Amino acid sequence: MKHSFLKRQQLIRQIKAQFTQELAEALNLAEVQAPLLSECGTGVQDELSGKEQSVKVAIKAIPNKTYEVVHSLAKWKRQVLGEYGFSEGEGILTHMKALRPDEEILGQKHSVYVDQWDWEKVITDKQRSVGYLKHTVGLIYSALLNTIERIPDIRAVGTALPKKVYFIHSETLAQQYPELSPKQRERAITQTHGAVFIIGIGARLSDGKPHDMRAPDYDDWSSIAETGETGLNGDLLVWHEAIDDALELSSMGIRVDKKSLQRQLELSHVPSKATLPWHRSLLEGKLPLTVGGGIGQSRVAMFLMQENHIAKVQTSVWPDDVQQSVKPPLEFKQAMPI
């Protein structure tokens with residue numbers, strides 16, 4: 001039992017280490033340390049869809065401030081790039097660990113504990129385009145394929161993946177599957193193409209609803225791209241046979257500039273956020289233009305090991321019925337020797 005457990009853990013470690021290297025090389029990223037806590041009231045905390053509640057932490061030695069466990073590090077990374085003077089084409093990569101207790105369903109793909117590769121890179125104004133977004137997605141996907149190729153025990157997974165990502169805008173997807181919900185559309189398009197990047201997440205579509213919700217202050221989901229479509233962000237999904245469903249591996253995008261931040265705060269009915277320290281820094285031109293995102297570490301491991309539940313590749317908390325039903329098997333068929 002101990003032997004099989006350690007073999008599985010070693011494979012998870014190898015996947016994470018290899019993809020870290022591939023991603024850093026592909027995007028020219030320097031690995032840095034990540035915070036677990038964010039100071040309340042600074043505007044640095046990421047609010048995801050805007051509805052999630054954070055875990056508050058009171059620190060006895062700092063009684064005059066309050067902190068909360070991070071949701072992700074989109075705004076923190078951009079702040080670091082500005083403070084330390086990173087140049088165009090340079091970026092950072094970190095191993096983020098977060099808690100999202102507002103997850104309503106702890107299912108095959110969702111956990112309270114979130115671990116991801118959080119990355120951010122400085123770009124130019126001309127690179128704030130869908131073309132550059134697609135180019136960056138292609139580099140990330142190549143890093144995934146390279147990881148698969150370099151680890152013999154997961155190499156078979158690559159045979160089912162296409163060589164390139166299929167790109168589609170969320171409005172086009174809605175027109176293609178008007179009778180389906182957004183999640184059902186994701187399943188249909190990803191099952192067809194294997195690896196898909198859906199562009200434009202956050203703005204309202206022609207049916208009056210967004211494909212999915214996004215906070216107003218990191219991804220730019222409201223600017224009109226060179227294609228005439230709305231949004232400079234999106235989600236990367238792959239078809240996962242073990243769960244017979246699409247699996248989102250990454251949410252990413254060109255980040256807001258001054259104009260899109262102001263516009264999105266208004267569209268989201270939170271214009272007062274412009275007074276927060278982080279938002280003031282952006283509006284005053286103190287932060288660089290960037291592209292960035294998060295890539296789920298446990299989800300990548302879950303996909304590459306072809307597991308049918310995220311609990312089989314990470315340690316978290318689960319309802320008793322889930323805990324009993326998804327205990328990791330004692331052996332992994334292709335586990336590498338230790």
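Two strands count as paired here if DSSP finds at least two bridges between them. With that in hand, a word on what we are looking at: this is a predicted model. I will start with the small sheet, then go to the salt bridges, helix 5 and one glycine.

The sheet is open and has three strands, in the order 2-4-3, with antiparallel pairing. Strand 2, residues 37-39, and strand 3, residues 56-57, are the edge strands, each of them pairing on one side only. Strand 4 covers residues 67-69, and three bridges join it to strand 2, the two running antiparallel. If you want a residue pair to look at, serine 38 has glutamate 68 in strand 4 as its bridge partner.

Next, the salt bridges. How many does the structure hold? The count is 22. I will go through three of them.

The pair to begin with is lysine 77 and aspartate 118, whose side chains meet at 2.6 Å, N to O. Lysine 77 sits in helix 2, residues 74-83, and aspartate 118 in strand 6, residues 113-122, so this salt bridge ties together parts that are 41 residues apart in sequence. Are these two residues buried or exposed? Lysine 77 has a relative accessibility of 0% and counts as buried. Aspartate 118, at 2%, counts as buried too. The pair also belongs to a network of salt bridges that links Lys77, Asp118, Glu120, Asp219 and Arg255.

The other two pairs both start from helix 5. Arginine 185 forms a salt bridge with aspartate 207, with the closest N and O atoms 3.8 Å apart. Arginine 185 is in helix 5, residues 182-193, while aspartate 207 is in the loop between strand 8, residues 195-199, and strand 9, residues 233-240; the two are 22 residues apart. On accessibility, arginine 185 is buried at 5%, whereas aspartate 207 is partly exposed at 43%.

Arginine 187 forms a salt bridge with aspartate 244, and there the closest N and O atoms are 2.9 Å apart. This pair links helix 5 to the loop between strand 9 and strand 10, residues 245-254, across 57 residues. Arginine 187 counts as partly exposed, at 28% relative accessibility. Aspartate 244 is partly exposed as well, at 42%.

Now helix 5 itself. Does its length come out longer, shorter or as expected? With 12 residues at 1.5 Å a residue, helix 5 should span 16 Å, and its end C-alpha atoms are 17 Å apart, which agrees. Which of its residues are buried? They are Arg185, Glu186, Ala188, Ile189 and Thr190. For the spacing, recall that an α-helix has 3.6 residues a turn, so residues three or four places apart point the same way. The cover over the buried residues of helix 5 includes strand 7, residues 166-169, helix 4, residues 170-176, and strands 8, 9 and 10. Just after helix 5 comes glycine 194, with a positive phi of about 85°.

Last, glycine 200. Where is it found? Glycine 200 is in the loop between strand 8 and strand 9. Its relative accessible area is 3%, which means it is buried, the cut-off being under 20%. Beyond its neighbours within four places in sequence, glycine 200 is in contact with His169, Ser170, Thr230, Gly231, Asn233 and Gly234. As for glutamine 175, 25 residues away along the chain, its C-alpha atom is separated from that of glycine 200 by 14 Å.

Note on methods
Residues are numbered from 1 along each chain as its sequence is written. This is a predicted model: local features need pLDDT of at least 70, side-chain atom pairs count only at pLDDT 80 or more; totals for chains, interfaces and linings use all residues. Side-chain values use heavy atoms; hydrogens and water are left out. A salt bridge is a side-chain nitrogen of Lys or Arg within 4 Å of a carboxyl oxygen of Asp or Glu. Helices (H or I, at least four residues) and strands (E, at least two) are DSSP runs, numbered from the N terminus. Buried means under 20% relative accessible area, exposed over 50%, partly exposed in between (1.4 Å probe, protein chains only). The expected span of a helix is 1.5 Å times one less than its number of residues. Contact means heavy atoms within 4.5 Å.
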